[in-house]
Amino acid sequence: VLLPRPPQMSKASGRLAYPKTVAADFRNVNSQSLFDYADFFAVECRPDAPPAELACMIARHFETTLEVDEEAVLGGFLDACDGKKNHADAHRVQLGTASMVQAHKRKRAKQAARAGEQVAAKVSRSDENGSWILASVQSYSRETETYDVQDEDDVSKLIRLAFTGVMRLGSGSEIFTKGSRVLAIFPETTSFYKAVVSKAPVWSQGRDGTSICSELILKFEDDEDETGKTPHRRVPSRYVISVPEEYFDDNPEL
């Protein structure tokens, strides 16, 4: 219970006198903390009060409170400050997380395939051969990070896929070596199958001076002939891409 008393004024200066009976010296506390204390305990003070006046008003709160437990009051105030700090920290974490999410979305949007671009699209939950097909992008949503794609063999419907359900096709400059594991379109189909680069790629110089490989020689999984041998097959490099786990690992921004 608060018993208000008229504030004591200094006869010499006419200003509030600091109570002599209060051991805690609030004059050493910064203004923001004093205002926080005043807000917490509903101590009336002017919003433009100088630090010295604030300190006196806070000290008077102690002096005018019956059966005051200074440690309990100060403890409650500090706990409230900690709560505000924790709330502020949590808010900063939330803002930081939101900022990181938006930055991640911007990076993905820059890497995303464009409308009309042919891509490899995962249309089955399994990882079996044929679960990735050749498709064309109709649109990409930066907000939801999803694609709408169209099966190149069936343009009658749209397929919505997560960002990781679409891989861009090769450019001919990807570094594959003999033994590299890849996904590639099986000749005369529009489905991607697991394969291994069976011969060292042959590189040539492109128009812009970069090294490119126009085709790769592969051995496809489960492609044995009648004699049990797996034939070498030529596939345009455009339709040869890394296996998904390597494709996304090699692109950390994705």
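Good morning. I begin with Pro 51, which counts as partly exposed because its relative accessibility is 45%, a value that falls between the 20% limit for buried and the 50% limit for exposed. Please bear in mind that the structure before you is a predicted model.

Where does Pro 51 sit? Pro 51 belongs to helix H2, which covers residues 51–63. Leaving aside residues up to four places away in sequence, Pro 51 is in contact with Ser 31 and Leu 34. A further distance concerns Phe 35: its C-alpha atom lies 9.4 Å from that of Pro 51, with the two residues 16 apart along the chain.

These partners lead me to helix H1, residues 31–41. Which residues of H1 are buried? They are Leu 34, Asp 36, Tyr 37 and Ala 38. Leu 34, then, is a buried residue of H1 and also one that Pro 51 touches. As general background, an α-helix has 3.6 residues a turn, so residues three or four places apart point the same way.

Let me turn to the ends of H1. At the N-terminal end, Asn 30 acts as the cap, with a side-chain oxygen 3.2 Å from the backbone nitrogen of Gln 32. Just after H1, Ala 42 adopts a positive phi of about 55°.

Finally, I place this region in the context of the whole protein. The protein contains four helices and 12 strands. Of its 254 residues, 34% count as buried. Among contacts between residues at least 6 apart in sequence, 50% join residues at least 24 apart. The protein exposes about 16,000 Å², and carbon and sulfur atoms supply 52% of that area. Thank you.

Key:
Residues are numbered from 1 along each chain as its sequence is written. This is a predicted model: local features need pLDDT of at least 70, side-chain atom pairs count only at pLDDT 80 or more; totals for chains, interfaces and linings use all residues. Side-chain values use heavy atoms; hydrogens and water are left out. Helices (H or I, at least four residues) and strands (E, at least two) are DSSP runs, numbered from the N terminus. Buried means under 20% relative accessible area, exposed over 50%, partly exposed in between (1.4 Å probe, protein chains only). Contact means heavy atoms within 4.5 Å. A polar contact is a pair of N or O atoms within 3.5 Å; within protein, one must be able to donate a hydrogen and the other to accept it, and residues adjacent in sequence count only if both atoms are side-chain atoms. Accessible areas come from the Shrake-Rupley method with a 1.4 Å probe; for residues, only the protein chains shown count as cover.
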